[in-house]
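Reader: Mind walking me through this one? I'd like to hear how the chains meet and which local details deserve a second look.

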Amino acid sequence: MDLALAPETLARWQFGITTVYHFLFVPLTISLAALTAGLQTAWVRTENEKYLRATKFWGKLFLINIAMGVVTGIVQEFQFGMNWSDYSRFVGDIFGAPLAFEALIAFFFESTFIGLWIFGWDKLPKRIHLACMWMVSIGTILSAYFILAANSWMQHPVGYRINEERGRAELTDFWQVLTQNTALTQFFHTMTAAFLVGGAFMVGISAFHLARKKHIPVMRTSLRLGLITLIIAGLGTAISGDLLGKVMFKQQPMKMAAAEALWDGEAPAPFSVFAYGDVDKGHNSVAIEIPGLLSFLANDDFTSYVPGINDINKAEQEKFGPGDYRPNIPVAYWGFRWMIGFGMASLGIGMLGLWLTRKKFMLAPGLRTGEDEVPNLVLFKRKALSPRLGRWYWIIALWTMAFPLIANSWGWIFTEMGRQPWVVYGVLRTRDAVSPGVSQGEVLTSMIVFTTLYAVLAVIEVKLLVKYVKAGPPELTEDDLNPPTKIGGDSRDPDRPMAFSY
Amino acid sequence: MELHDVWFVLIAVLWIGYFFLEGFDFGIGVLTKVLARGRPEKRVLINTIGPVWDGNEVWLLTAGGATFAAFPEWYATLFSGFYLPLLIILVCLIVRGVAFEYRVKRPEENWQRNWEAAIFWTSLIPAFLWGVAFGNIVRGVKIDGNMEYVGTFWDLLNPYALLGGLVTLTLFTFHGAVFASLKTVGDIRARARALALKLGLVTAVLALLFLVWTQLDSGDSWSFMAMVIAVVALVGAIGAIRVGREGWSFALSGITIAAAVAMLFLALFPNVMPSSLNAEWSLTVTNASSSPYTLKIMTWCAAIATPLVLLYQSWTYWVFRKRIGTQHLAETH
């Protein structure tokens, strides 16, 4: 059979495509839920209308986005059974439990309270309505935790034993699966990265309006909130990334050696800035390196020994029998760099932005020339940035929206492909995980169907987002400012139109 | 009763919850084409399930997740074996979820009509296919000694399973019509009642055929009892809608679904997926289940989470308890 179209290859492509696509929506959902809830809290506490307008604006974009996150998530749950049935048989005893927990505890929460939030504006007193949004936010975070615990078990299996008789792995300590350091650091890293996406999203869209001098009060608040989120999340991502890196150096040395294209073990080991190598011969032909830095990243010590790809491959061959235990090294190497590069660029832009938009400097009243005219972004107290530079800032801010998404996607590609040829590291190989009974035609069909469907939906989704972004925050009505005081809504006028209807 | 038996019951409960809840929202989706006159009425129908359909769908995700965790072999055989039908169901659920959320996001009539058509088809097809799938599970399919499904897609389209598909389709549509009559006011409510009555009679004939066939094929005295309950409840639901007791009718159509699903699971037990090639190769609650430790943890989780879920989901229905009609739709869109 043609290897390029072997069911295993197709199933892997399908998993990669559907997962990366699903994960374009997930981080934005997680962070926008919390940020929207935060803005709504600000409204409930201060009754300042700009917060309510901001809540409605970002809430709407959140809803357009979460719809896609939810529906593409359904595929993820069933894909294990469809394309990876031998995986499911082998690890279901362990992997299934956090998945079931996710559904029982997180999905029900999210989906039920989101219905209450969307339709509840005129049915719930404002504090209860606000609590619903926080419930949605908690639901999204819990969901991330359970799925990351499951994924971490694949990266670093703990709390299990192999049952030879049944030919499968069995759970012995669920608490360990939920609380192992891989799961906790991955959760920390993924959460902060998610807020990087939400922060950049807010910054970009606020910049879009501010550059056009529209909706200034709402967008100014949103811009600052976005910038602060971007910076806190950026720092958090860097710290958690460092922690996660150290964990991986211990647990998956091959993945980190591949991420650095470190072919042979060294002490001290250098950090690679750029490398071009020959995978077949197992060495780099061009390499620019910073001495000792990799040793430090791995072990907090500039001189320690870090094993290389060739050493680990040899050790694994001795342990698991003949074979090639190296992942796709160019993908791991460049994926790692794209992830860090785009993530750190987002952080840098956030810091620059926050500095440029300091309270007394940005849109300073002294620079107003007329009632309607809004001044440019200013650098020093009475000196505006040249219009050209000012424009560039807004353009960069807009492009920043894409950066954390690229970083996130490469982060996952690196994490998942860096573990190959294992699906469960050191326990189960990917080629032994596919469904033996599923034909090439079936996998090909589903891959074509999902890819086409996802492409069409992406176009629709982006167009809708653009439409609602351009529309800006809505004007408030009497009803918006006077939420009901009773659960189920007021009974004043039985024929009053619903605040929200499909 | 051992833990794997408990989980067999719990998975049955999750499917009952799913078919009870998503049953009426599938039904509403089908009725947008059959019952509604004009687009405002379509919108009224869609809004009756607006706040709840998403929560209803999670019952499926939970049933799937629970099967993965409690009966990994069942999960693996079922979803790799029923590959293409499941693919169709997944596509429908994706399009359906997006359709509900995106339909109102643009004012153009063309846009909204397309999404409305999508809601109709993506409600009808899964409502039918779930019946086909369960028909096949109960009847048994070609499973070999390695627990792999070795039949083809066409094997799944046998008369018994197709009849099962028609039963779920009509039963859910009936359930949806009763729900529509319970949740709406005005003209549409009266028509929903009249239609429910007709649908109920068609459902009764098909369901009786299917349930008796199941009973003769693989039933025991317990499944017989469930069958009697299902049939009596269905007759009661039809009678109640005839005399205008919508709440009772809805409760009874719900009981019909619950009892019918219970009957299928009772007919199945102790198998979870019988093999039609060799009874020895059947998947059972013992050879398909997880380890006792995993089942114990899952039992704790279910014991704590399930009552909470029922509590806050019921609260949602309470918050949105008011009937709606065309006068409640905002001017825009």
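**Chains, patches and odd bonds**

Author: Sure, starting with a loop: A:Pro421 sits in the loop between helix H13 (402–417) and strand E7 (422–424) of chain A. Bear in mind that this is a predicted model.

Reader: Which residue is joined to A:Pro421 by a cis peptide bond?

Author: Most peptide bonds are trans, so a cis one catches the eye. Here omega is about 5°. The partner of A:Pro421 in that cis bond is A:Gln420.

Reader: And where is B:Pro270 found?

Author: B:Pro270 also follows a cis peptide bond, the one from B:Phe269, with omega near 0°. As for its place, B:Pro270 is in the loop between helix H10 (246–268) and strand E1 (271–273) of chain B.

Reader: What is phi of A:Ala261?

Author: Most residues other than glycine have a negative phi. A:Ala261 lies in the loop between helix H8 (253–259) and E3 of chain A. Its phi is positive, near 50°.

Reader: On to the interface: how much area is buried between chain B and chain A?

Author: Chain B brings 77 residues to the contact and chain A brings 82. Carbon and sulfur atoms give 69% of the buried area. The total is about 6900 Å².

Reader: How many salt bridges does the rule find across the interface of chain B and chain A?

Author: Side chains of opposite charge can pair when their charged atoms come close. One such pair is A:Arg89 with B:Glu148, whose closest N and O atoms are 3.5 Å apart, inside the 4 Å cut-off. Across this interface, the number of salt bridges is two.

Reader: How many nonpolar residues are on the side of chain B that touches chain A?

Author: Among the helices of chain B that each supply at least two residues to that side are H2 (39–49) and H11 (292–319). By class, that side has 20 polar and eleven charged residues, while the nonpolar ones number 46.

Reader: Which residue forms a salt bridge with A:Lys126?

Author: A:Lys126 is in helix H4 (residues 126–155) of chain A, and its partner is 79 residues away, in the loop between helix H1 (7–46) and helix H2 (49–83). The closest N and O atoms are 2.4 Å apart. That partner is A:Glu47.

Reader: Last one: which strand of chain A holds A:Val286?

Author: A:Val286 helps make a nonpolar surface patch of about 740 Å², along with residues including A:Phe274 and A:Trp334. Strand E3 (271–278), strand E4 (283–290) and helix H11 (329–356) of chain A each give two or more residues to the patch. The strand holding A:Val286 is E4.

Key. Residues are numbered from 1 along each chain as its sequence is written. Chains are lettered from A and ligands numbered from 1 in the order in which they are written. This is a predicted model: local features need pLDDT of at least 70, side-chain atom pairs count only at pLDDT 80 or more; totals for chains, interfaces and linings use all residues. Side-chain values use heavy atoms; hydrogens and water are left out. Contact means heavy atoms within 4.5 Å. Buried area is the accessible area (1.4 Å probe) that two parts lose on being put together, summed over both. A salt bridge is a side-chain nitrogen of Lys or Arg within 4 Å of a carboxyl oxygen of Asp or Glu. Helices (H or I, at least four residues) and strands (E, at least two) are DSSP runs, numbered from the N terminus. Ala, Val, Leu, Ile, Met, Phe, Trp, Tyr, Cys and Pro count as nonpolar, Asp, Glu, Lys and Arg as charged, and the others, Gly among them, as polar. Patches are made of residues with over 30% relative accessible area and no salt bridge: like charges are joined within 9 Å, nonpolar side chains (Val, Leu, Ile, Met, Phe, Trp, Tyr) within 5 Å. Accessible areas come from the Shrake-Rupley method with a 1.4 Å probe; for residues, only the protein chains shown count as cover.
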